[in-house]
Amino acid sequence: MFLMLRVLRHEAELTRSALTNSFGPVIFRHMVRILVATLLMSLSGGICQAQSSPGIEIRVRALDYKTGRPLKHHRIAIWLSDSAGEIQYHVSQEVIRSTGEDGCAVFQLTEPLPPNIRIDTVMLPDWNCAATWQLATGLIMQRGIVGEYKSDAECKKKGAPPTASAVPGEVVILVHRLGLFGRLNRLFY
């Protein structure tokens, strides 16, 4: 304890003499400049790093299953497989994004890409009418995928489903907006 107080007293004396000495203010100004320059370089490095490419982009476009119109502000989830291509609930990594005005949800993935992904809706009134349970990531990136229309009880309708096409890096899903009884049924499904 005595040694610590003695060091602090010497430190205060050195600081006081540096500020009152003729060379002290010059050294102090240089130290401040170096400190500011170091701080600015570290901040600009973080900004440049944030502007670099964030990874691979996969877009999911959600369309109404009857009209084919884009669905705005709907939550979409993707599950990433492990290196063996397996997707397991409560184990696999899940990423959730909302669709924009164009009906697209954009997911940024880092490399190495998982071999497979699963895509589904996560809002109670939404029912995914496209079979997107295990999609090959390589096919999504090469040509894009339109989820195969499934005609289960919630997706049956008169007429053919709307036609859609996908571009490389995109998955298109068809979504049925459930009514009250459909939502109650989904709660117990």
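A charge sits over a ring if NZ of Lys or CZ of Arg is within 6 Å of the ring centre and within 35 degrees of the ring normal. The exercises below concern a predicted model.

**Exercise 1. Arg118 and an aromatic ring**

Task: Determine in which strand R118 is found, whether R118 is buried or exposed, and over the face of which residue R118 lies.

Solution.
1. Locate the residue: R118 belongs to strand β5, which covers residues 116–121.
2. Assess its accessibility: R118 has a relative accessibility of 14%. Buried means under 20%, so R118 counts as buried.
3. List its contacts: with neighbours within four places in sequence left aside, R118 meets A77, I78, W79, I87, Y89, T132 and W133.
4. Examine W79 among these contacts: R118 lies over the face of W79, and the distance from the ring centre is 5.5 Å.
5. Turn to pairs of rings: a search of the whole structure yields 0 aromatic pairs.

**Exercise 2. Thr121 in strand β5**

Task: State whether T121 is buried or exposed, and identify which backbone oxygen the side chain of T121 reaches.

Solution.
1. Place the residue: T121 is part of strand β5.
2. Apply the cut-off: the relative accessible area of T121 is 3%, and therefore T121 is buried.
3. Follow the side chain: the side chain of T121 reaches the backbone oxygen of D126 at 3.4 Å.

**Exercise 3. Two loop residues**

Task: For G103 and S92, establish in which loop each residue lies and which residues each one touches.

Solution.
1. Begin with G103: its place is in the loop that joins β3 (93–98) to β4 (104–109).
2. Consider its accessibility: G103 has a value of 0%, so G103 counts as buried.
3. Find its contacts: if residues up to four places away in sequence are not counted, G103 touches V60, R61, A62, P70 and L71.
4. Relate sequence to space: G103 and L63 are 40 residues apart along the chain, and their C-alpha atoms are separated by 6.8 Å.
5. Continue with S92: this residue lies in the loop between β2 and β3.
6. Consider the accessibility of S92: the value is 13%, so S92 counts as buried.
7. Find the contacts of S92: with residues up to four places away not counted, S92 touches W79, L80, E86 and I87.
8. Follow its side chain: the side chain of S92 reaches the backbone nitrogen of Q88 at 2.8 Å.
9. Relate sequence to space again: S92 and D82 are 10 residues apart along the chain, with 7.0 Å between their C-alpha atoms.

**Exercise 4. The chain and its nonpolar cores**

Task: Find how many helices and strands the chain has, and which residues have the most contacts inside the largest nonpolar core.

Solution.
1. Count the elements: the chain has 4 helices and 11 strands.
2. Consider burial: 32% of the 189 residues count as buried.
3. Consider the surface: the chain exposes about 12600 Å², of which carbon and sulfur atoms supply 61%.
4. Identify the core: the largest nonpolar core has 20 residues, and I76, I78, I119 and I173 have the most contacts inside it.
5. Trace the core to its strands: β1 (56–64), β2 (75–80), β4, β5 and β11 (170–177) each supply at least two of its residues.
6. Examine I78: not counting residues up to four places away in sequence, I78 touches V60, Q93, E94, V95, F107, L109, R118 and I119.
7. Look beyond this core: apart from it lies another core of 9 residues, including L63, Y65, V172 and L174.
8. Consider contacts along the chain: among those with a separation of 6 or more, 66% join residues 24 or more positions apart.

Conventions
Residues are numbered from 1 along each chain as its sequence is written. This is a predicted model: local features need pLDDT of at least 70, side-chain atom pairs count only at pLDDT 80 or more; totals for chains, interfaces and linings use all residues. Side-chain values use heavy atoms; hydrogens and water are left out. Buried means under 20% relative accessible area, exposed over 50%, partly exposed in between (1.4 Å probe, protein chains only). Contact means heavy atoms within 4.5 Å. A polar contact is a pair of N or O atoms within 3.5 Å; within protein, one must be able to donate a hydrogen and the other to accept it, and residues adjacent in sequence count only if both atoms are side-chain atoms. Rings of Phe, Tyr and Trp (its six-membered ring) pair if their centres lie within 6.5 Å; planes under 30 degrees apart count as stacked, over 60 as edge-to-face and the rest as tilted. Accessible areas come from the Shrake-Rupley method with a 1.4 Å probe; for residues, only the protein chains shown count as cover. A nonpolar core is a set of buried Ala, Val, Leu, Ile, Met, Phe, Trp, Tyr and Cys residues joined through side-chain atoms within 4.5 Å.
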